[in-house]
Amino acid sequence: MSVIYLLISISIVVAIGFLIAFIRAVKTGQYDDDYTPSVRILFDDELKIKQPKSIQITEEKQI
């Protein structure tokens with residue numbers, strides 16, 4: 001029975017250690033995204049609206 005208490009206490013200490021490491025990483029900016037803003041310029045932000053087929057056919061005939 002004493003082994004269970006020992007394992008539970010060790011697991012709680014490890015969990016608190018991971019929680020502290022996660023909070024420290026978030027506060028120091030470890031998870032900030034520095035790559036995406038530099039690549040965002042390569043992609044179009046505008047959505048292209050599809051025209052109905054009848055309009056596309058008449059435009060092709062006029063060309």
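User: What percentage of the 63 residues of the protein count as buried?

Analyst: Buried means under 20% relative accessible area, exposed over 50%, and partly exposed in between, with a 1.4 Å probe and protein chains only. Here, 3% of the 63 residues count as buried. Bear in mind that this is a predicted model, where local features need pLDDT of at least 70 and side-chain atom pairs count only at pLDDT 80 or more, while totals for chains, interfaces and linings use all residues. Residues are numbered from 1 along each chain as its sequence is written, and side-chain values use heavy atoms, leaving out hydrogens and water.

User: Which elements have the lowest and the highest mean pLDDT?

Analyst: pLDDT is the predictor's confidence in each residue, from 0 to 100. Where it is low, the predicted coordinates should not be read in detail. In this protein, helix α3 (residues 53-62) has the lowest mean, 58, and α1 the highest, 96. The mean for the protein is 80, and 68% of its residues reach 70 or more.

User: How many helices and strands are there?

Analyst: Both are DSSP runs numbered from the N terminus: helices are H or I, at least four residues, and strands are E, at least two. You've got three helices and zero strands.

User: What should the 26 residues of helix α1 span?

Analyst: The expected span is 1.5 Å times one less than the number of residues. For α1 (residues 2-27) that gives 38 Å, and its end C-alpha atoms are 38 Å apart, so the two agree. After α1 comes Gly29, with a positive phi near 85°.

User: Is Ile20 buried, partly exposed or exposed?

Analyst: Ile20, which lies in α1, counts as partly exposed because its relative accessibility is 49%.
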